[in-house]
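Subject: Structure for you to look at

Dear colleague,

I am handing over the structure we spoke about, with the sequence alongside it. Please look through it when you have time, and read my notes next to it.

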Amino acid sequence: MPDRDTAVLDDPVAAALCGPHAHLARRHGRAASYHPDIASISTLTANRDAGVWDDLAELLGADAFALLFHCPALPPSHWVSEFTMGGYQLIHTGPRPPRPRRAADLVELGPADVPEMLALVERTRPGPFHARTIELGTYLGVRENGALVAMAGERLKPPGWTEISAVCTAPEARGRGHAATLITTLVHHITARGEHPFLHVAADNPALGLYRRLGFEIRTEVTFRGFRTP
């Protein structure tokens with residue numbers, strides 16, 4: 001385990017929205033969420049109180065999607081369950097990697113790249129990604145012949161930690177080490193800031209083996225749940 005407080009990772013969404021991402025948060029009562037163009041992730045500050053779901057419904061509006069994880073409570077029966085998926089939270093326990101050799105095709109992505117990023121996400125389905133998700137942190141990409149074929153970036157930022165997210169590679173560019181290059185580069189950037197990397201992964205994601213080879217270890221199991229407000 002790294003020499004760092006891991007308690008904020010028990011609810012990294014709340015820790016991020018109350019900390020480094022407070023300027024990106026929406027709040028109502030005991031519920032908080034990112035702006036819908038940034039992320040569909042929400043959190044409840046009193047998840048064992050049934051009334052808190054009314055706060056979340058009021059915050060998001062009718063027929064809105066809410067993604068929750070690290071939340072053991074379930075909403076009232078009139079909420080629509082979209083999916084339930086098991087997964088893991090991993091933290092980087094390996095040594096700080098050396099500065100990676102910058103590949104000529106590795107680029108930092110910006111607002112002008114968002115249409116291509118959204119198209120790549122649509123093809124590869126790494127998880128939620130929206131028009132303004134890039135505002136959450138640094139996003140890196142790999143281009144081949146000018147086309148964006150792989151990317152990864154930073155999402156949740158609980159104090160002292162940064163989550164690596166949206167790791168994806170186009171089918172025609174797999175097997176070339178792009179994901180490893182992107183993740184290693186992000187790990188170096190995060191640790192150089194004095195923060196520690198972590199990530200979330202679905203239990204059946206074959207990338208779990210890659211993450212472990214790159215120095216990540218499972219900290220805890222996580223259940224990802226998607227709901228639609230009444």
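Below is what was found, taking the sheet first, then the short strands, then the aromatic rings.

Please keep in mind throughout that this is a predicted model.

The sheet is an open one of 8 strands with mixed pairing, and its order runs β4-β11-β5-β10-β9-β8-β7-β6. The two edge positions are taken by β4 (65-69) and β6 (106-108), and because each of these has a single partner strand, one side of each is left without a neighbour in the sheet. On average, and with direction ignored, neighbouring strands of this sheet are turned by 30° against each other. At the β4 edge, the partner is strand β11 (residues 216-228), which runs antiparallel to β4 and is joined to it by 5 bridges; within this pairing, Leu 68 has Arg 225 in β11 as its bridge partner.

The next point concerns β1, β2 and β3. Strand β1 (residues 25-28) pairs with β2 in the antiparallel sense over 4 bridges, and the two form a hairpin with 2 residues between them, where Gly 29 in the turn has a positive phi of about 60°. The bridge partner of His 28 in β2 is Ala 31. Strand β2 also pairs with strand β3 (residues 42-44), again in the antiparallel sense, over 3 bridges, and here Ser 33 stands opposite Ser 42 in β3. Both faces of β2 (residues 31-34) are covered, since Ala 31 and Ser 33 on one side, and Ala 32 and Tyr 34 on the other, are all buried.

Turning to the aromatic rings, the structure holds 7 aromatic pairs. One of them is formed by Phe 129 and Tyr 139, which meet edge-to-face at 5.6 Å centre to centre with 80° between the planes. This pair links distant parts of the chain, with Phe 129 in the loop between α3 (114-124) and β7 (139-144) and Tyr 139 in strand β7, 10 residues apart. Both Phe 129 and Tyr 139 are buried. Elsewhere, ring pairs link Trp 53, Trp 79 and Phe 227 into a cluster, and Phe 227 falls within the residue range of β11 (216-228), the strand that pairs with β4.

With best regards

Note on methods
Residues are numbered from 1 along each chain as its sequence is written. This is a predicted model: local features need pLDDT of at least 70, side-chain atom pairs count only at pLDDT 80 or more; totals for chains, interfaces and linings use all residues. Side-chain values use heavy atoms; hydrogens and water are left out. Two strands pair if DSSP finds at least two bridges between them. Axes are lines fitted to C-alpha atoms, for helices over the stretch in contact, and angles run from 0 to 180 degrees between N-to-C directions. Buried means under 20% relative accessible area, exposed over 50%, partly exposed in between (1.4 Å probe, protein chains only). Rings of Phe, Tyr and Trp (its six-membered ring) pair if their centres lie within 6.5 Å; planes under 30 degrees apart count as stacked, over 60 as edge-to-face and the rest as tilted.
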